[in-house]
Every structure is written in C-alpha cells, then in structure tokens.
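Reader: I'm new to reading protein models, and I'd love a close look at one part. Could you walk me through the strands and the residues around them?

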Amino acid sequence: MTAYGGSFFDTTQLQWYGGAGTILASNGNYTTLTIKNRTPILPVGNPIRDPGVGQITYLSDPSTTSFYFDELAMSVGSQLAMSSELAGSLTLAKLSGDFTGAIHIQAGHTFTLPQADLPASVYVYDGATATLPADIFLTRTTLSVGGLLLGVREVQLYSKAHLILQATGNNDHTPVSSFSFHGVRSMHDSQMTLEAGVTLHAVTIIADDDSTIQGASFTLNATTA
C-alpha cells in the first residue's frame with residue numbers, strides 16, 4: 001500500500017501527488033485508488049489554497065500517459081485530475097463514492113467509465129473527451145460537458161442532480177454547441193442547464209414539477225412531459 005499527500009503536482013519532480021487521504025492500493029491484479037479529502041469543489045487551476053482542507057489529487061507518471069484503476073473510491077468532497085503537464089487517459093472499471101467527489105477531465109485528456117451510475121461529479125472541459133455508457137444515472141451529482149461526450153443516449157437526473165451543457169461542448173456526431181440525446185429525465189429537484197448558444201435535440205424530455213430546465217433552445221422530435 002502506498003499513500004500520497006501534502007501538495008499539488010510538482011513540475012520539477014514528476015511524481016504522484018495528492019492531498020492527505022489519497023491511497024493507492026494493489027491486491028494482486030486489482031488496483032484501487034481511494035481519495036478521501038475534505039476539499040471544496042473548485043475549478044482546476046483555482047489559485048485559492050486553504051491549508052485547512054485538501055486539494056485536487058493530480059495523477060502524473062513520467063513512465064506512462066495511460067492510467068487504469070479497477071476502482072476509484074471518492075468521498076468527503078475529494079477531487080481528481082490528471083496533470084495538465086501531460087496528455088493522457090484515465091480509465092476506470094468502477095467508480096464508487098458518497099456523491100461529494102469530483103473528477104476533472106482537462107484539455108487533451110480522455111476519460112472512460114463503463115458504469116451507468118455516477119456517484120461522483122464529472123467535469124469535462126473544453127478539449128477533453130469522456131466516454132460513458134448509453135444510459136447514465138446521476139443522483140446528487142453533476143455532469144458538466146464543455147468537451148466531447150461519447151456514447152450517451154439517455155440521461156436520468158435524480159435528487160438535485162445537475163446536467164450542464166456548455167457552448168464549447170458536443171456529443172456523438174453533432175457540431176460544437178449542439179447535443180443530441182434520445183431522452184432526458186429530470187426528477188426530484190434536479191436541474192438541466194444549457195449555456196447560451198447551446199442547442200439540445202431530444203426525442204423525449206421529462207421533468208417533474210420540482211425540476212428546472214434553463215437554456216437557450218431545445219428541439220423535441222416527439223413528446224415532453
């Protein structure tokens with residue numbers, strides 16, 4: 001078992017740095033990265049540092065640009081990102097957590113998760129690519145898409161989940177600022193936000209009375225409820 005902690009990624013020493021509570025454990029062929037940092041959700045590169053809380057755990061290794069974990073466990077507001085110094089990919093077989101963690105996918109990076117539910121928020125920045133299953137479920141987490149989103153056809157939001165579609169983003173076979181889903185369901189005080197200039201094409205959009213849809217324009221090819 002190896003534990004990392006203490007500071008941001010150091011460009012003078014290409015090492016795996018993480019906030020206190022970051023543990024990489026390998027049991028045979030099964031590798032788990034556990035991040036349990038009490039940290040606010042801040043944009044990548046935010047200069048504010050509070051010594052009383054953890055910071056983003058950055059992945060970096062001079063010997064590889066591809067990271068694979070059998071499981072990433074995130075809790076207590078933890079955050080993860082690959083170092084912006086290196087292009088690379090992050091692939092997870094399983095994502096677990098308490099719905100407070102966040103994964104940041106920066107420009108030049110790719111993220112792959114074959115799991116339908118997202119127990120941590122995922123932020124896909126301009127120039128980044130994320131591949132997720134055809135049907136995804138968010139509960140109390142956020143999916144923010146400012147880059148390319150691949151694979152997703154159905155999005156379901158529950159219990160204050162938030163889907164943010166940015167003007168710099170798009171998904172399969174659509175131009176920038178345009179998204180196309182078969183269906184979007186927003187329930188239990190969830191929210192969908194379309195930034196200015198974004199167009200959403202969907203066959204079905206379903207939202208209950210407690211949920212909100214904010215945005216410039218969307219096109220329905222079938223029904224809404």
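Author: Here is a walk through the strands, one step at a time.

Before we start, a word on the source: this is a predicted model, where local features need pLDDT of at least 70, side-chain atom pairs count only at pLDDT 80 or more, and totals for chains, interfaces and linings use all residues. Residues are numbered from 1 along each chain as its sequence is written, and side-chain values use heavy atoms, with hydrogens and water left out.

How sure is the predictor? pLDDT is its confidence in each residue, on a scale from 0 to 100. The protein's mean pLDDT is 82, and 78% of its residues reach 70 or more. Residues 6–16 have pLDDT below 50, and this stretch has 28 contacts in the model beyond near neighbours in sequence; a contact means heavy atoms within 4.5 Å. Residues 47–54 are also below 50, with 11 contacts counted in that way.

Let's begin with S6, a strand that spans residues 71–75. Strands here are DSSP runs of E with at least two residues, numbered from the N terminus. Five of the five residues of S6 are buried, so the strand is largely enclosed by the rest of the structure. Buried means under 20% relative accessible area, exposed means over 50%, and partly exposed is in between, using a 1.4 Å probe and protein chains only. In a regular strand the side chains alternate between the two faces of the sheet. You can follow that here: Glu-71, Ala-73 and Ser-75 point one way from S6, while Leu-72 and Met-74 point the other way.

What does S6 pair with? Two strands pair if DSSP finds at least two bridges between them. Strand S3 (residues 30–36) pairs with S6 in the parallel sense over five bridges, and Thr-34 has Ala-73 of S6 as its bridge partner. S6 also pairs in the parallel sense with strand S9 (residues 95–97), this time over three bridges. There, Leu-72 stands opposite Leu-95.

Step off S6 and you enter the loop leading to S7, where Val-76 is found. Most residues other than glycine have a negative phi. Val-76 has a positive one, near 55°. With 22% relative accessibility, Val-76 counts as partly exposed.

Next comes S7 (residues 79–82), which holds Gln-79. Gln-79 is buried, with a relative accessible area of 1%. Its side chain makes a polar contact of 2.7 Å with the side chain of His-104. A polar contact is a pair of N or O atoms within 3.5 Å; within protein, one must be able to donate a hydrogen and the other to accept it, and residues adjacent in sequence count only if both atoms are side-chain atoms.

S7 belongs to an open sheet of eight strands, in the order S4-S7-S10-S13-S16-S19-S22-S24, with parallel pairing. Its edges are S4 (57–59) and S24 (212–214), each of which pairs on one side only. Neighbouring strands of this sheet are turned by 10° against each other on average, direction ignored; the axes are lines fitted to C-alpha atoms, and angles run from 0 to 180 degrees between N-to-C directions.

Inside that sheet, S10 (residues 102–105) and S13 (residues 121–124) pair in the parallel sense over four bridges. One bridge joins Ile-105 to Val-124 in S13. Ser-121 sits in S13 too and counts as buried at 4% relative accessibility. A polar atom of the Ser-121 side chain lies 2.9 Å from the backbone nitrogen of Thr-142. Leaving aside neighbours within four places in sequence, Ser-121 is in contact with residues including Gly-101, Ala-102 and Thr-141.

Finally, look at the stretch around strand S21 (178–186). Ser-177 is found in the loop between S20 (170–171) and S21, and has a positive phi of about 80° although it is not a glycine. At 16% relative accessibility, Ser-177 counts as buried. The structure holds one aromatic pair: the ring centres of Phe-179 and Phe-181 are 6.4 Å apart and the planes are at 20°, so the pair is stacked. Rings of Phe, Tyr and Trp (its six-membered ring) pair if their centres lie within 6.5 Å; planes under 30 degrees apart count as stacked, over 60 as edge-to-face and the rest as tilted. Both Phe-179 and Phe-181 are buried.

How values were computed: pLDDT is the predictor's confidence in each residue, from 0 to 100.
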